[in-house]
Amino acid sequence: MLPVDGFGFWEGRELGKVNHRMDPEVSAVRLTILEAVHILSSSEDGGRIFCTLESLKRYFGETENPALPEEQEEFARIHFSTFLRFLVGKLSPDWLELLPDGQMEELWASFFLEGPADQAFLVLMESIEGAASPSFRLMKMVQLLARFLSVGRMAAVMEGQCRQQAGPAFPLLQETLLTKVVGLPDRLGNRLQRENLATFFPQNYFPLLGEEVLRVLQVVVDSLRGPGESLRPRETEPEVLSRLLGNLVTKNKKAQFVMTRKLLFLQYSCTMPMLQSLLGYLAMDSQRRSLLMQAGPTTHQVLKELLETWGSSSAIRHVPLVQQRYVSKAILICLAHLGEAELQDSRDELLASLMEGVKSRLDSSLPPVRRLGMIVAEVASARIHPEGPPLKFQYEEDELTREMLALAMPRPAADGPSEAGPSFALVSGETPDRETVDCSGPQAGPEGSDSELDSDDEFVPYDMSVDRERRSSKAPSYVRGCLEALTGSEDWERWEAALWALEGLIFRSPAATQEVSVELAKVLLHLEEKTAVAGFDGLRQRALVAVTVTDPAPVAEYLTTQFYALNYSLRQRMDILDVLTLAAQELSRPGRLGKAPQRGSPDPGSQPGGAVVPAWRAVVEERIKRKTRRFSKGSAGQAPAVGPNEFNLVAGYFFFPLLQHFDRPLVTFDLLGDDQLVLGRLAHTLGALMYLAVNTMVAMPMGKALLEFVWALRFHGDAYVRRGLLSAVSAVLLSVPTEQLLADLLDELLEARSWLGDVAEKDPDEDCRLLAVKALLLLEKLRDKLLPLSSP
Amino acid sequence: MAAPRLPPPDPQFVLRGAQSAVHALHFCEGAQGQGRPLLLSGSLRGLVHIWSLQTRRVVATLDGHGGQCVTWLQTLPQGPQLLSQGRDLKLCVWDLAEGRNAVVDSVLLESVGFCRASVLAGGLQRWMLAVPGRGGDEVQILEMPSKTSVCSLKPEAQARLGMPMCLQLWQADTSPRPLLLAGYEDGSVALWDVSSRKVCSRVACHTEPVMGLDFDSQEARGVSGSAEKALAVWSLDEQQALQVRGTHVLTNPGIADVKIRPDRRILATAGWDHRVRVFHWRTMKPLAVLAFHSATVHCVAFAADGLLATGSGDQRISVWSLYPRT
């Protein structure tokens with residue numbers, strides 16, 4: 001009935017053997033304890049037990065009549081754990097009630113709370129893990145552990161360890177202790193399941209542990225420091241770290257792992273100041289510095305590995321953008337800490353991995369990824385290869401770039417960060433005042449008017465980018481004239497004027513445009529920027545869109561064929577996609593221009609929707625209009641424009657040809673290979689066309705074809721492509737009428753749904769996850785619509 | 001960091017119905033006791049339209065120039081009298097009081113050029129009028145309403161200034177002597193002392209004819225625009241000597257008109273390139289480029305409350321409220 005955990009130590013031969021070697025005083029401690037154990041085991045007399053336990057407390061040294069220091073030491077070292085285990089064994093409701101008012105429990109607990117903390121902690125953990133669940137003992141031990149934490153005994157545990165450093169170390173015990181201290185939340189969580197106490201939750205436990213660590217550090221610092229020494233007024237954080245940790249990172253494998261790998265590569269949760277402190281700490285001392293940057297087989301070279309991770313094309317695809325930013329920033333901080341000479345030593349190696357990374361990053365179809373590549377490449381190349389020609393990219397400047405450039409300021413270890421680094425040059429965007437330059441005399445003098453105090457602040461200039469040089473009046477007056485000017489003309493002013501005039505002319509004379517529409521589209525598609533025309537791309541694109549809108553079927557047919565034709569640049573192919581999208585958008589805009597839609601005879605062959613139902617209302621209205629003479633229209637034009645979707649008749653021309661050849665690579669164009677950027681654009685374009693085909697007859701077949709396309713590419717490695725596919729799915733759900741979705745696309749939707757679920761949960765790209773969730777929500781809505789139909 | 005600029009402003013409203021190019025604009029303050037001023041416009045086909053800025057409709061149309069372009073409009077402070085100058089060599093004086101619109105007087109001009117007249121009215125019954133004069137290079141000064149020709153200002157023959165292109169009569173606060181600023185065909189601006197009929201000072205501001213000028217008499221500083229690609233800012237010192245303070249290069253050549261707002265904070269130019277440019281007057285910092293019109297802008301005018309009207313060959317008048325006074 002009395003479990004005597006570990007008491008074999010005091011019994012039989014063991015006891016005798018030890019005894020022979022011990023001196024008399026020491027064995028006196030042992031005898032006292034043996035006697036106490038005997039009394040506790042046998043007696044049912046509360047008073048006697050109380051006295052016995054009280055008497056043992058003299059070994060803690062805090063009573064009026066403390067035991068000799070040697071005795072205390074022996075008790076703590078040899079007997080305490082065993083005695084605690086014995087006490088744990090005694091724990092039962094009956095035993096605790098031998099004395100009234102919980103006195104017994106209080107006394108019992110005091111052994112755990114006042115004795116050597118490390119052993120008490122280990123026994124507590126051990127007994128919690130060993131106790132049956134659920135049980136009285138488990139409950140009591142858990143409560144005791146909570147109390148142990150709340151009275152700050154963890155500090156005592158750690159302090160005890162610090163003291164022992166002086167004497168012979170117990171590496172194994174320390175290891176165990178460390179594991180248990182760190183793993184406490186997990187262990188208790190596992191043990192107690194739903195009965196776990198809030199104290200043991202990681203979010204509560206670790207802050208507490210942190211505070212205790214601080215307290216211990218304070219104590220340690222106090223004890224190390226002589227009485228006269230005072231704190232240095234301002235220490236930067238790396239210095240604090242350095243004082244605390246010394247060169248631990250070079251000596252201890254675990255610390256090295258945490259600081260050079262875990263915090264840099266496996267996690268990305270450090271704030272920037274933390275990261276700066278960490279890398280600053282590593283850079284402070286020459287030994288530690290070698291971790292950052294030294295060629296050697298054994299040491300991790302942090303910088304090199306960072307660069308490799310940063311540039312690995314697999315990491316670029318599969319690692320969340322936040323982490324990519326984190327690694328990029330870490331590289332910049334590293335570079336800021338390292339000196340020229342150190343970088344020069346392994347320049348070739350670093351440069352090689354940098355360039356490799358830049359290449360992979362610039363290949364990415366995601367602008368943020370590319371931008372990280374540009375920023376890091378600029379800064380890093382300037383530091384690693386300062387004498388070489390500086391790399392310069394064009395990217396938008398925002399919070400992030402500013403933050404990153406600020407991180408890259410070199411900070412010499414000796415000085416404060418007072419002097420600005422030479423490699424840090426912000427290019428300011430103060431350009432729009434171009435008119436103010438070139439004054440022949442002094443600038444319009446403000447003399448006399450200064451007194452007026454008329455502040456310029458209220459006179460904020462507006463955007464003046466429209467203020468371009470006026471083109472000459474050589475602009476052709478007809479579409480055909482433009483065509484000639486753009487093809488044959490060597491007169492660049494005329495060429496430029498024609499480009500400017502084209503969009504307006506096309507809209508003004510649709511009939512004339514239709515005569516030459518395909519030819520015009522061909523010329524525009526192949527048009528190259530021959531003079532430095534401001535906004536050339538925009539002008540060309542707008543003209544192309546205008547042609548497509550004016551004569552949709554033939555032009556769209558032409559453009560979609562050219563998309564898969566040989567000998568086009570990626571830029572041109574993407575232009576085709578953009579033009580198709582914009583033209584479709586214009587065509588599907590309700591009531592655009594209010595003019596009669598120009599529709600040719602619909603070609604049934606290219607309309608997979610089957611027979612095209614003429615918009616009867618428009619036909620009837622047209623007929624009424626022709627037969628009726630109206631005297632006043634009043635303000636009829638003010639009503640919100642309604643009308644058939646003009647895109648209806650031509651959607652097929654825009655959409656289906658684009659789907660036909662995506663899996664057939666050409667010599668110069670391989671959508672499923674290197675040209676994934678165009679594939680991403682294609683997916684987005686198809687999604688947009690699908691969306692714009694809302695309320696059209698072809699929506700259903702389009703949806704079906706699009707879902708097939710999505711299915712074929714759903715595991716594509718590029719996030720931009722996946723985003724396109726996901727938005728395409730949403731477009732299908734939005735544009736195809738519910739009944740048709742349920743009747744004709746049900747299987748496809750069910751397939752898509754499982755894929756969406758996977759993406760929403762596991763995709764590394766945040767936007768992909770978001771898009772998948774949106775599509776799932778649309779599916780949910782669909783189901784909600786379905787249920788009321790089927791339930792009654 | 002350059003903050004993103006505001007997009008260019010839009011006109012507050014547009015007046016359509018002039019039916020031909022608008023060549024002259026003038027705000028008529030507080031006439032008829034209404035809250036908002038009237039806007040007068042002169043058109044290529046010789047009509048003067050009076051617009052209510054309240055209803056944005058034409059209140060009245062005056063036809064007094066026989067279908068010839070109206071180039072200049074001005075109201076007199078004493079009573080609702082309107083002066084209109086036309087290419088039919090007539091300068092008409094209209095009586096607009098109590099809804100009348102009749103020509104009460106007219107002056108025959110002797111020059112068919114582009115030069116607009118100028119008036120100096122001291123709030124008295126008599127006022128002074130400067131009009132382009134005989135011989136192509138003279139400026140004639142008339143005392144009105146008697147139409148007495150006071151003098152004619154003829155540059156010295158060897159100066160070769162060419163025709164006067166724009167005129168501005170003014171009077172310094174300190175002196176009763178009327179002065180005339182005239183921009184000439186050769187690109188120079190001259191200051192005439194009308195009483196002594198002498199050129200006080202002359203400065204070559206431009207290499208092309210001066211098309212428009214405006215003068216800020218409090219700052220003794222003026223601005224002129226010409227057919228070339230620049231605005232010139234010049235000043236007048238105590239010795240009444242003109243000095244170029246600076247030139248301001250524009251994107252496109254040709255300024256048809258330039259006006260400083262009555263509060264002397266901003267100025268606007270009418271451009272042959274269809275654009276109206278707005279500058280801060282003290283610093284000449286460019287503030288806005290209004291690219292609303294689709295033809296040459298012929299004239300700009302400011303109202304006392306700061307409203308800006310611009311008239312163009314596209315037959316439209318646009319009205320803008322920029323940098324309202326606080």
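## A walk through chains A and B

Start by selecting helix α15 (residues 272–284) of chain A: at 1.5 Å a residue (times one less than the number of residues), its 13 residues should span 18 Å, and the end C-alpha atoms are 18 Å apart, which agrees. This is a predicted model, where local features need pLDDT of at least 70, side-chain atom pairs count only at pLDDT 80 or more, and totals for chains, interfaces and linings use all residues. Residues are numbered from 1 along each chain as its sequence is written, chains are lettered from A and ligands numbered from 1 in the order written, and side-chain values use heavy atoms, without hydrogens and water. Helices (H or I, at least four residues) and strands (E, at least two) are DSSP runs, numbered from the N terminus.

Stay on α15(A) and color its buried residues (under 20% relative accessible area, 1.4 Å probe, protein chains only), among them Met272(A), Leu275(A) and Tyr281(A). Their cover includes α12 (237–245), α14 (253–266) and α19 (321–337) of chain A (contact: heavy atoms within 4.5 Å).

Next, select Lys140(A) and Glu105(A), a salt bridge with its closest N and O atoms 3.0 Å apart (Lys or Arg side-chain nitrogen within 4 Å of an Asp or Glu carboxyl oxygen). The pair links helix α8 (residues 136–150) to helix α6 (residues 103–114) of chain A, 35 residues apart. Lys140(A) is buried at 13% relative accessibility, while Glu105(A), at 26%, is partly exposed (between 20% and 50%; exposed is over 50%).

Finally, show Asp467(A), Asp273(B), Arg275(B) and Arg277(B), which a network of salt bridges links. Over all chains, the structure holds 45 salt bridges.
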